[in-house]
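Colleague: I am still learning to read models like this one, and I would love a slow walk through one small part of it. Please take a close look at one charged side chain and its surroundings for me.

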Amino acid sequence: LVEYTSVSYEFRTRVNAANALKRIDYFDETMMKNLVHTLYNANSRLASPCGDVLKSYFEKAKYKKQIQGYLYSQKWEEWQWERISKVVQ
């Protein structure tokens, strides 16, 4: 399922995979990076639902530090950070 969240697949597949992973409460670094990448995608039918999934993980203490660690270790363009910060406030 994690592979299905990557850019190799069309948006419906990616959204369905993200939601399935959320239902089983599975989380890993690859999936997290794939979900973050969707946040600044021009397709809002991908960005919005995947952002909701990432936000649900961010609200859980056991995943929050890992997500924050990744986000703050990267260099983001200002526009990218604006979109990311709307989800992980």
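What does Lys33 count as at 34% relative accessibility: buried, partly exposed or exposed? Please start there, and then show me how the salt bridges sit in the fold.

Modeller: Happy to! Keep in mind that this is a predicted model. The mean pLDDT of the protein is 96, and 100% of its residues reach 70 or more. Among the elements, H1 has the highest mean pLDDT, at 98, and H5 the lowest, at 93.

Now to your residue. Lys33 counts as partly exposed, because its relative accessibility of 34% lies between the limits of under 20% for buried and over 50% for exposed. The partner of Lys33 in a salt bridge is Glu29, and the closest N and O atoms of the two are 3.0 Å apart. As for the spacing, Glu29 and Lys33 are four residues apart in helix H2, so about one helical turn separates them. Glu29 is partly exposed too, with a relative accessible area of 42%. In general, side chains of opposite charge can pair when their charged atoms come close.

Let us step back to see the fold around this pair. The protein has five helices and zero strands, and reading along the sequence gives the pattern α-α-α-α-α. The radius of gyration is 12 Å, close to the 12 Å that the globule rule gives for 89 residues, so the protein is as compact as a globular protein of that length. Along its principal axes, the C-alpha trace spans about 30 × 30 × 15 Å. Of the 89 residues, 42% count as buried. The contacts also tell you how the chain folds back on itself: among those between residues at least 6 apart in sequence, 59% join residues at least 24 apart.

With that picture in mind, come back to the charges. The structure holds four salt bridges, and the Glu29 and Lys33 pair is one of them. Another joins Asp25 and Lys60, whose closest N and O atoms are 2.9 Å apart. This pair links distant parts of the chain: Asp25 is in the loop between H1 and H2, while Lys60 is in the loop between H3 and H4, 35 residues apart. Asp25 also forms a salt bridge with Lys62, with the closest N and O atoms 3.2 Å apart. Since Lys62 lies in helix H4, this pair ties together parts that are 37 residues apart in sequence. Put together, Asp25, Lys60 and Lys62 are linked in a network of salt bridges.

How open are these three? Asp25 counts as partly exposed at 27% relative accessibility, and Lys60 is partly exposed at 33%. Lys62 is exposed, with a relative accessible area of 58%; that figure is over the 50% limit.

Asp25 deserves one more look. Leaving aside neighbours within four places in sequence, Asp25 is in contact with Tyr57, Lys60, Lys62 and Tyr63. The side chain of Asp25 makes a polar contact with the side chain of Tyr63, at 3.3 Å. Asn41 gives you a contrast to those contacts: Asn41 is 16 residues from Asp25 in sequence, and their C-alpha atoms are 24 Å apart in space.

Finally, meet helix H3, which holds residues 44-58. At 1.5 Å a residue, its 15 residues should span 21 Å, and the end C-alpha atoms are 20 Å apart, which agrees. At the start of H3, a side-chain oxygen of Asn43 reaches to within 2.8 Å of the backbone nitrogen of Arg45. The buried residues of H3 include Leu46, Cys50, Leu54, Tyr57 and Phe58. Helices H1, H2, H4 and H5 are among what covers the buried residues of H3. That brings you back to H2, the helix in which Glu29 and Lys33 are four residues apart.

Notes:
Residues numbered from 1 in each chain as written. Predicted model: local features only at pLDDT ≥ 70, side-chain atom pairs only at ≥ 80, totals over all residues. Heavy atoms only, no water. Helix = DSSP H or I, 4+ residues; strand = E, 2+ residues; numbered from the N terminus. Expected span 1.5 Å × (residues − 1). Buried < 20%, exposed > 50% of the residue type's maximum accessible area, 1.4 Å probe, protein only. Contact = heavy atoms within 4.5 Å. Polar contact = N/O pair within 3.5 Å; in protein donor to acceptor, adjacent residues only side chain to side chain. pLDDT = per-residue confidence, 0-100. Salt bridge = Lys/Arg side-chain N within 4 Å of Asp/Glu carboxyl O. Rg over C-alpha atoms; globule rule 2.2 N^0.38 Å.
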